[in-house]
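This briefing looks at a ligand site and at the open and closed spaces in the protein around it. Please read it alongside the sequence and the structure shown here.

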Amino acid sequence: MVKVADVVDKLNARVICGSGDMNQEIQFGFASDLMSDVLTIDTENLLLITGLNNLQTIRTSEMSDISFILFVRDKKASEEMKELACENEITLLECGHSMFRACSILNEIGLQPVY
Amino acid sequence: MEFKFEIEGGNFSKAGSASSEVKKILKQLNVNPKIIKRTVVSLYEAEVNVVAHAFEGNMNVDIDTDKIVVKIEDRGPGIPDIDQAMQEGYSTATPQVREMGFGAGMGLPNIKRNSDQMNITSKVDVGTELEIINYFG
Ligand SMILES: Nc1ncnc2c1ncn2[C@@H]1O[C@H](COP(=O)(O)OP(=O)(O)OP(=O)(O)O)[C@@H](O)[C@H]1O
Ligand SMILES: [Mg+2]
């Protein structure tokens with residue numbers, strides 16, 4: 001289990017929108033730019049790590065009950081994406097690391113792979 | 001209860017809005033969250049398929065006390081070989097669709113996994129009709 005606060009701290013990430021509860025704990029991580037693959041995952045309590053910053057990233061998370069999204073490679077969420085994320089109580093984070101670096105750091109602090 | 005939603009071909013900024021409405025309704029009805037997820041993932045895959053592969057379509061939703069029946073019909077190129085389309089990895093998606101994060105050929109098999117019943121019929125150069133049924137119990 002990893003606290004949102006630790007993700008923010010270790011990755012030097014910014015919280016773009018969300019409940020503000022930094023003590024929420026996340027168990028699993030899944031990294032992909034392909035929403036087709038994300039939609040096949042049925043794990044609960046998941047952080048989606050992605051470089052795909054469009055509205056479908058948020059829609060996919062809404063349908064899949066994913067509550068945490070981390071954008072890597074300095075990809076920025078648009079206003080429209082933020083609005084849709086807030087509406088669905090999804091926490092959005094942004095960081096400047098590559099996907100590989102972000103994943104290795106997150107794994108080190110205890111985030112688990114789905115498979 | 002019956003609902004009907006329009007789906008615009010090619011419009012990725014609206015893709016998912018019909019499925020999102022259905023999710024809100026099912027939540028209000030206190031349907032089991034696992035069944036909601038299975039259902040809306042199926043609907044979203046189907047909705048994105050209309051946006052990605054067809055010209056226009058609609059989603060007809062019929063919610064009963066024990067089940068939800070959804071028909072997604074579109075006007076479009078149709079599917080020449082449904083068995084082939086049902087295989088994981090088969091996709092004719094354009095580069096634009098791939099840029100949006102889709103086109104892995106996972107959608108139809110994923111709908112099959114996430115629905116209790118799935119019926120698909122299609123006519124080349126006319127369109128495709130997909131029926132998804134999920135039981136609440
Ligand atoms: N509504 C439709 N109209 C026309 N062709 C379709 C339709 N739905 C699916 N197809 C065809 O079936 C193929 C497989 O569909 P499927 O949903 O499994 O994968 P995809 O949409 O290509 O990619 P993904 O769903 O993984 O993003 C499509 O590439 C397309 O050729
Ligand atoms: Mg598809």
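Sorted by residue class, the lining of the largest pocket comprises 19 nonpolar, eleven polar and three charged residues. The model is a predicted one, and the space taken by ligand 1 in it is this largest pocket. The points below take up the pocket itself, then the ligand, then the second largest pocket and the cavity.

**The largest pocket**

- The space that lies in the largest pocket comes to about 570 Å³, and 33 residues line the pocket, with B:Asn49, B:His53, B:Ile79, B:Ala85 and B:Leu108 lying nearest its centre.
- At least two lining residues of the largest pocket are supplied by each of H2, strand E3 (67-75), helix H3 (82-85), H5 and strand E5 (127-135) of chain B.
- H2(B) gives the most to this lining, and its contribution to the largest pocket is seven residues.

**Ligand 1 and its shell**

- Ligand 1 lies between chains A and B, and of the 21 residues around ligand 1 those that come nearest are A:Ser36, B:Ser91, B:Thr92, B:Gly103 and B:Met106.
- B:Ser91 also places a polar side-chain atom 2.5 Å from an oxygen atom of ligand 1, while a polar side-chain atom of B:Asn49 lies 2.9 Å from an oxygen atom of the ligand.
- For B:Asp74 the partner is a nitrogen atom of ligand 1, which is 2.8 Å from an N or O atom in the side chain of this residue.
- On its own ligand 1 has 600 Å² of accessible area, and the protein covers 95% of that area.
- Helix H2 (33-53) and helix H5 (107-114) of chain B are the elements that give two or more residues to the shell around ligand 1.
- The shell around ligand 1 has, by class, nine nonpolar, ten polar and two charged residues.
- B:Asn49 thus appears in two settings, as one of the residues nearest the centre of the largest pocket and as a residue with a polar side-chain atom 2.9 Å from a ligand oxygen.

**The second largest pocket**

- About 430 Å³ of space lies in the second largest pocket, and among its 17 lining residues A:Glu62, A:Asp65, A:Asn88, B:Lys23 and B:Lys27 lie nearest the centre.
- Elements of both chains take part in this lining, since helix H3 (55-63) of chain A, helix H1 (17-28) of chain B and H2 of chain B each supply at least two residues.
- H1(B) gives the most to the lining of the second largest pocket, with four residues.
- By class, the lining of the second largest pocket has five nonpolar, five polar and seven charged residues.

**The cavity**

- One cavity of 30 Å³ or more is held by the structure, and the volume of the largest cavity is about 40 Å³.
- The residues that line the largest cavity are B:Glu6, B:Ile7, B:Glu8, B:Asn11, B:Lys14, B:Ala15, B:Ser17, B:Glu47 and B:Val51.
- Strand E1 (2-8) and H2 of chain B are the elements that give two or more residues to the lining of this cavity, and E1(B) gives the most, with three residues.
- The lining of the largest cavity has three nonpolar, two polar and four charged residues when sorted by class.

Notes:
Residues are numbered from 1 along each chain as its sequence is written. Chains are lettered from A and ligands numbered from 1 in the order in which they are written. This is a predicted model: local features need pLDDT of at least 70, side-chain atom pairs count only at pLDDT 80 or more; totals for chains, interfaces and linings use all residues. Side-chain values use heavy atoms; hydrogens and water are left out. A residue is near a molecule or strand if one of its heavy atoms lies within 4 Å of it. A polar contact is a pair of N or O atoms within 3.5 Å; within protein, one must be able to donate a hydrogen and the other to accept it, and residues adjacent in sequence count only if both atoms are side-chain atoms. Accessible areas come from the Shrake-Rupley method with a 1.4 Å probe; for residues, only the protein chains shown count as cover. On a 1 Å grid over the protein atoms alone, a cavity is a set of points where a 1.4 Å probe fits but cannot get out, and a pocket is an open set with protein on both sides within 12 Å along at least five of seven lines; lining residues have an atom within 4 Å of a point. A molecule sits in a cavity or pocket if more than half of its atoms lie within 2 Å of its grid points. Ala, Val, Leu, Ile, Met, Phe, Trp, Tyr, Cys and Pro count as nonpolar, Asp, Glu, Lys and Arg as charged, and the others, Gly among them, as polar. Grid points are joined across faces, edges and corners, and a volume is the space filled by probe spheres set on the points.
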